[in-house]
Amino acid sequence: MITLTIDGQRVEAEEGQTILEAAKAAGIRIPTLCHLEGLSPRGSCRLCLVEVKNWNGKLVPACATPAQDGMEVVASSERLRNLRRMILELLFAERNHICAICPSNGHCELQDLACELGMDVVHFPYRFPGLKVDASHQRFVYDPNRCVLCGRCVRACSEVEGAMTLGFSGRGVYTLVEADLGGPWGASETCTGCGKCVQACPTGALVERGKATAEQEKRPQLVAEVTERRPRVQD
Amino acid sequence: MSKIKLATVWFSGCSGCHMSFLDLDERLVELAQKVEVVYSPLVDIKEFPDGVDVTLVEGAVGNTEQLKMLQEIRRKTKILVALGDCAVTGNVPSMRNPIPREDVLRAVYGEGEVPGLEEGEVPRLLPRALPLAMVVPVDGFIHGCPPPADRIWKFIRKLLSGEAPVLAGEDLRFG
């Protein structure tokens, strides 16, 4: 066993557990977005940043940093609150997140985070990009306007389904999720239509065809269940 | 104690926020004892007056008239509040933003003379519908499409009692 402190609280962790897992076990909440139990950690959204006091206050992503003996972690501070909120504002400013018309309205992790982190307004100019919706798939729709590029769909597709259909193209704010080597998702020869990408997606970027405003509920925990990290809970 | 001067304004929005405001129902009676409505689509006053204490603005800034008006309101108002998602984020009116202005207008009005394309009887449409805070400093935000009446009331009560008019948690939910 490893012993560390999180916000002054003594926490025990198994060797190899991340700071996030140790915090969760101790009932300490750290906000996350790109992290999903059952998928490999990516550390790309930076919302789970924590400070390590005895590493000169260095900021590390809790989801991708192993807990270490004697570590003094700060999971909640003014500095972290400001940073997390800024990251969230940048996510909102980057694409067109219009909750009022979104199938995931009311069931969205991005929307929930705005409440949790107290985001009353975005201080950055909105980019309002014009991104094309891909509705070519028989069962699902991809709307990049609502995508936060967390990569949960990409990881679910490769790590759990093993299809490796979805991947990233482009760089920075121009990054898109694409099927195969680009082109319409519906024409993909590798997509099995399993829908794990849709269930893993935290926002309304991936939805089931035909779902109208606020109708798309998801079960992201399905990923942990099918990878047998967690027993399946019946609805 | 003199009454608080309250104004409400309707820009590029559907008036749903004003409907929600009217949904305050019997609370409007209590409100009427504490505030004087000095400008609003709900009352017949043509000029935006000086020395307004609180202005609630519904809608995004979509044309030159609204842009000028917002700057005037900012000058004449102590506490400027964005009422609803369109005023806070751009929301539905901002869905036209990725599309060129002329294409949007042509899609609606067809060929020939198009109102709003150039300055005229109808004000010129801005290239993008903007949230208020991208134009002027804003002091308060009420989220929602439309914001539930209870949320508007919570905000107004904080204002009236002199508390900082800041909402938190579930009251920050968009949509």
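## Sheet, interface and backbone outliers in a two-chain model

Leu49(A) has Pro61(A) as its bridge partner in β4(A), and this pair is a convenient entry into the structure, which is a predicted model. A second pair of the same kind places Val50(A) opposite Val60(A) of β4(A). In total four bridges join β3(A) to β4(A), and the two strands run antiparallel. Five residues lie between the strands of this hairpin, and one feature of the connection is that Asn56(A) takes a positive phi near 60 degrees.

**The sheet of chain A**

The hairpin belongs to an open sheet of five strands in chain A, with mixed pairing and the order β2-β1-β5-β3-β4. Its edge strands are β2 (9-13) and β4 of chain A, each of which pairs on one side only. On average, and with direction ignored, neighbouring strands of this sheet are turned by 40 degrees against each other. Helix α2(A) packs on the sheet, where it touches β3 and β5 (72-74) of chain A, and its direction makes about 155 degrees with that of β3(A).

Helix α2, residues 78-94 of chain A, also appears among the elements that cover the buried residues of α3(A). Which residues of helix α3 (residues 109-116) of chain A are buried? They are Glu109(A), Leu110(A), Gln111(A), Leu113(A) and Ala114(A). Just after α3(A), Gly118(A) takes a positive phi of about 70 degrees.

**Chain A as a whole**

The secondary structure of chain A comes to six helices and nine strands. Because a compact globule of 235 residues would have a radius of gyration near 18 Å, the 18 Å found for chain A agrees with that expectation. The C-alpha trace of chain A spans about 50 × 40 × 35 Å along its principal axes, and 41% of the 235 residues count as buried. Among the contacts in chain A with a separation of 6 or more, 64% are between residues 24 or more positions apart.

Away from the sheet described above, Gly182(A) is found in the loop between β8 (176-179) and α5 (196-200) of chain A. Is Gly182(A) buried or exposed? Gly182(A) counts as exposed, because it has 9 C-beta neighbours inside 10 Å, where the limit for this class is 12 or fewer. Between the C-alpha atoms of Gly182(A) and Val207(A), which are 25 residues apart along the chain, the separation is 19 Å.

**Backbone angles that stand out**

The table collects residues with a positive phi, two of which are then placed in their surroundings.

| Residue | Phi |
|---|---|
| Asn56(A) | about 60 degrees |
| Ser15(B) | near 80 degrees |
| Gly118(A) | about 70 degrees |

Asn56(A) is not a glycine, and it lies in the loop between β3 (49-52) and β4 (58-61) of chain A. It counts as exposed because 7 C-beta neighbours are found inside 10 Å. Ser15(B) is likewise a residue other than glycine, and its place is in the loop between β1 (4-10) and α1 (16-22) of chain B. With 14 C-beta neighbours inside 10 Å, Ser15(B) counts as partly exposed.

Chain B also holds a cis peptide bond, which joins Cys145(B) and Pro146(B) with an omega of about -10 degrees. The place of Pro146(B) is in the loop between β7 (140-142) and α6 (149-160) of chain B.

**The interface and the confidence of the model**

How many residues of chain B are in contact with chain A? There are 26 residues of chain B in contact with 20 residues of chain A. Helix α4 (residues 85-89) of chain B contributes the largest share of the side of chain B that touches chain A, namely three residues. By class, this side of chain B has 15 nonpolar, seven polar and four charged residues.

For the complex, the predictor gives an ipTM of 0.95 and a pTM of 0.95. Chain B averages a pLDDT of 96, and 99% of its residues score at least 70. As a general caution, predicted coordinates should not be read in detail where pLDDT is low.

Methods. Residues numbered from 1 in each chain as written. Chains lettered and ligands numbered in written order. Predicted model: local features only at pLDDT ≥ 70, side-chain atom pairs only at ≥ 80, totals over all residues. Buried ≥ 20, exposed ≤ 12 C-beta atoms within 10 Å, placed from the backbone. Contact = placed C-beta atoms within 7 Å. Nonpolar A, V, L, I, M, F, W, Y, C, P; charged D, E, K, R; others polar. Pairing = 2+ DSSP bridges. Axes fitted to C-alpha atoms, helices over the stretch in contact; angles between N-to-C directions. pLDDT = per-residue confidence, 0-100. Rg over C-alpha atoms; globule rule 2.2 N^0.38 Å.
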